[in-house]
Amino acid sequence: MDEKDDEQLGAFDPNIPEEGPSAPPPGWLDCVTGYDEPKGGDTGDQLYPPPPAYNPQPENDKNASVPNVRVPQVSESVAREALLKFVGSKWSKSSKPARNLTFKELQPITMYRYRLETYTESRSSAWEMEPFTGQVVDGPQYGMSPPPWDVPVQQPQRYIDVILKVRVPHSSFVKTCHRCHGCGRTRCTHCAGRGNRRCPFCHGHGRRTTGHGRNNRTGNNRCSSCQGRGRKRCTFCHGHGHKTCPTCQGNRNLMHFIQLTITWKNHVFEFVPDRLPEFPLKKFEKVSGDAFFVDESILVYPIVGFPDQEICDASRKASQEHHSKFSPQQVPCRILQQRQTIELVPITHAFYSYSGKDYDYFVYGLENKVFTPKYPSACVIL
């Protein structure tokens, strides 16, 4: 860089520091009893297993019994109305076959849906920070911070996924901003703190290049972009040579605190016996059934004595799976509540004839949804 270029550089302020790391370095944060020692940098949330007193213990050889249930019947008028509603939602299908079909048989099918819900709570923490603008600092002078599982929170409605973030009491303190070292400003990295940069059009010569190829030469035409100065104002710092610290937002100090994240999650095990090869099981996911059996407790136990052995087997498998999966030895969470249900999902296989040919369809769910593998065609007058 020649002497002229040096003269065109902006004023450099050595008191404005270079930009530091975005996260506090190791050893910058204080230790808080009951919480892992801060390691510096962005290490993510730290999960904490619940104390033993928070974990329910299953009782051996305990089970649940289920009452008998009667399979509901679907009449011809209900089956016809369901089909008419179905074809009415399909612009390519005519309602004429649905109106004029002749039923041959309505076959009710017993279909149960078993569901086990396990509602868990987990707690994790991470250091957070915000610009200090004079707000109240709830620090250790007000007492010791409670351990993660002793921080009081309002419990949400059961079986709904919720994530809540709260500030751990008495964990706050104020420190000089690590990014700007308490200056409130950081040196612009794009212009090295000088406020201007070499003009990209004339490459700092102040004159534009004329000619093409090998005939390129620097002419006497003054560069219109930099007005012949060879340098342009830095657009990143607007010519100041520095920027407001993005971490403390110019306030020079930061308030650090521990943020506790409480996660309530509902884990669902669902089972429907696959006994109808011609009917897709996924169709049951969008319909409801009659929950004639509901068993709810901190821990529920396998169902025994129910006429459908597949449901009993599914209950035993789900119970063992959830008790093992959500034990403190596997996942740092606690079980708040479990609920197991058996629903009778009504499904009727309807057989009918139309124009001398045989067809069939299914009416399923309390909503009387329809699934039809094949539907007769008819002339549609548009």
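**Group meeting: a pocket, some strands and two cysteines**

The second largest pocket here has a volume of about 190 Å³. Eleven residues line this pocket, and those closest to its centre are Pro56, Gln57, His323, Ser327 and Pro328. A pocket, on a 1 Å grid over the protein atoms alone, is an open set of points where a 1.4 Å probe fits, with protein on both sides within 12 Å along at least five of seven lines; lining residues have an atom within 4 Å of a point. The volume is the space filled by probe spheres set on the points, which are joined across faces, edges and corners.

Before I go on, this is a predicted model: local features need pLDDT of at least 70, side-chain atom pairs count only at pLDDT 80 or more, and totals for chains, interfaces and linings use all residues. Residues are numbered from 1 along each chain as its sequence is written, and side-chain values use heavy atoms, with hydrogens and water left out.

Back to the pocket. Its lining has six nonpolar residues, five polar and no charged. Ala, Val, Leu, Ile, Met, Phe, Trp, Tyr, Cys and Pro count as nonpolar, Asp, Glu, Lys and Arg as charged, and the others, Gly among them, as polar.

Next, the strands. A strand is a DSSP run of E, at least two residues long, numbered from the N terminus; two strands pair if DSSP finds at least two bridges between them. Take β13, residues 253-271, which pairs antiparallel with β4, residues 112-131, over 18 bridges. There, Tyr119 stands opposite Asn266. Strand β5, residues 162-167, is also antiparallel to β13, with six bridges, and Val166 has Leu260 as its bridge partner. Strand β6, residues 173-176, runs antiparallel to β13 too, joined by four bridges; Val174 faces Met255 there.

Elsewhere, an open antiparallel sheet has four strands in the order β3-β17-β18-β19. Its edge strands, β3 (102-109) and β19 (369-371), each pair on one side only. Within this sheet, β17 (347-354) and β18 (357-364) share eight bridges, and His349 is opposite Phe362.

Last, the cysteines. How many disulfides are there? A disulfide is a pair of cysteine sulfur atoms within 2.5 Å, and the count is zero. Cys199 is in none; the nearest cysteine sulfur, that of Cys202, is 3.8 Å away.

Is Cys199 buried or exposed? Cys199 counts as buried because its relative accessibility is 1%, whereas Cys31, at 57%, counts as exposed. Buried means under 20% relative accessible area, exposed over 50%, and partly exposed in between, with a 1.4 Å probe and protein chains only.
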